[in-house]
Amino acid sequence: MKKLIIGLLSLLLLLTGCQKSNQEDGKLNIVVTTTMITDLVETIGGDHVNVKGLMTTGVDPHLYQAKASDATTLIAADLVIYNGVHLEAKLTDVLAKLENAISLESGLDEGDILADDEGGIDPHIWFSVPLWKKAAIRVSKGLSELDPTNAKDYDANLQK
């Protein structure tokens, strides 16, 4: 499996440089990792985005194994949004190297990360309203940077 992930990473890095915009319907094609992020991006992106989640309901992001089709999905995206904080454990290295990807973790301050019951890092930032608000701000900022024409709509959706 490690060879598959390394192969996917190599393919992604090679093809990301050749990426073109996929806004055939005028909407940004956004790929996200989890269902929580799907909801967040759909709410902030509104009518300006098509959102595809890699993981469906019931899939444990800590254990998710990349599929060959994920490489195509990630390459075709205008933007990839993932949680970070080691939630997508087996995908983190691939996601962090994508030029078209942002992590919600990048919108948090250094002291924001929660501790779990064993004293480790708790990646479930949606359990904290203040942290999820920061994640929402990061999504709005990422969409606005990619699509400045609709930045006012992203901000208005964020404020709602």
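How many bridges join S1 to S3? In the predicted model described here, S1 and S3 run parallel and are joined by 3 bridges. This pairing belongs to an open sheet of 4 strands, arranged in the order S2-S1-S3-S4 with parallel pairing. The edges of the sheet are occupied by strand S2 (49–53) and strand S4 (101–103); each has a single partner strand, so one side of each is left without a neighbour in the sheet. On average, and with direction ignored, neighbouring strands of the sheet are turned by 25° against each other.

The protein as a whole comprises 6 helices and 6 strands. Read from the N terminus, its elements follow the sequence α-β-α-β-α-β-α-β-β-β-α-α. Of the 160 residues in the protein, 44% are buried. Among contacts between residues at least 6 apart in sequence, 60% join residues at least 24 apart.

The individual strand pairings can be described residue by residue. S1 pairs with S2 in the parallel sense over 5 bridges, and within this pairing Asn 29 stands opposite Asn 50 of S2. Towards S3, Val 31 of the protein stands opposite Val 80, while Val 32 has Ile 81 as its bridge partner in S3. S3 in turn pairs with S4, again in the parallel sense, over 3 bridges; here the bridge partner of Ile 81 is Ile 102 in S4. Ile 81 thus has bridge partners in the pairing with Val 32 and in the pairing with Ile 102.

Burial of the strands was examined next. S1 is mostly covered, with 4 of its 5 residues buried. In a regular strand the side chains alternate between the two faces of the sheet. In S3, Leu 79 and Ile 81 point one way, Val 80 and Tyr 82 point the other way, and all are buried. Helix H2 lies across S1, S2 and S3, and runs at about 180° to S2.

In soluble globular proteins, nonpolar side chains tend to be buried together. In the present model, the largest nonpolar core has 22 residues, and those with the most contacts inside it are Ile 30, Leu 40, Ile 81, Leu 104, Ile 125, Val 139 and Leu 143. Two or more residues are given to this core by each of strand S1 (28–32), H2, strand S3 (79–82) and H5. The most is given by H5, with 6 residues. A second, separate core has 13 residues, among them Met 55, Ala 66, Tyr 82 and Leu 98. With residues up to four places away in sequence not counted, Leu 104 touches Ile 37, Leu 40, Ile 81, Tyr 82, Asn 83, Ile 125, Trp 132, Ala 135, Arg 138 and Val 139. Several of these partners, including Leu 40, Ile 81, Ile 125 and Val 139, are also listed among the residues with the most contacts inside the largest core.

Helix packing involving H6 was then considered. The axes of H5 and H6 are 9 Å apart, and the two helices pack at an angle of about 170°. Because angles over 145 degrees count as roughly antiparallel, H5 is roughly antiparallel to H6. The contact brings Ala 136, Ile 137, Ser 140, Leu 143 and Ser 144 of H5 against Ala 151, Tyr 154, Asp 155 and Leu 158 of H6. By class, the residues of this contact divide into 6 nonpolar, 2 polar and 1 charged.

Helix H2 (residues 35–45) also meets helix H6 (residues 151–159): their axes come within 7 Å and cross at roughly 120°. The crossing makes H2 oblique to H6. On the H2 side the contact is made by Thr 43, Ile 44 and Gly 45, and on the H6 side by Asp 153, Tyr 154, Asn 157 and Leu 158. These residues divide into 3 nonpolar, 3 polar and 1 charged. Tyr 154 and Leu 158 of H6 take part in the contact with H2 and in the contact with H5.

Ser 140 lies in helix H5 (residues 129–146). Its relative accessibility is 5%, and because buried means under 20%, Ser 140 counts as buried. Neighbours within four places in sequence left aside, Ser 140 is in contact with Ile 44, Tyr 154, Asp 155 and Leu 158. Of these partners, Ile 44 is one of the H2 residues that contact H6, whereas Tyr 154, Asp 155 and Leu 158 are among the H6 residues that meet H5.

Conventions: Residues numbered from 1 in each chain as written. Predicted model: local features only at pLDDT ≥ 70, side-chain atom pairs only at ≥ 80, totals over all residues. Heavy atoms only, no water. Axes fitted to C-alpha atoms, helices over the stretch in contact; angles between N-to-C directions. Parallel < 35°, antiparallel > 145°, perpendicular 65-115°, else oblique. Contact = heavy atoms within 4.5 Å. Nonpolar A, V, L, I, M, F, W, Y, C, P; charged D, E, K, R; others polar. Buried < 20%, exposed > 50% of the residue type's maximum accessible area, 1.4 Å probe, protein only. Core = buried A, V, L, I, M, F, W, Y, C linked by side-chain atoms within 4.5 Å. Pairing = 2+ DSSP bridges.
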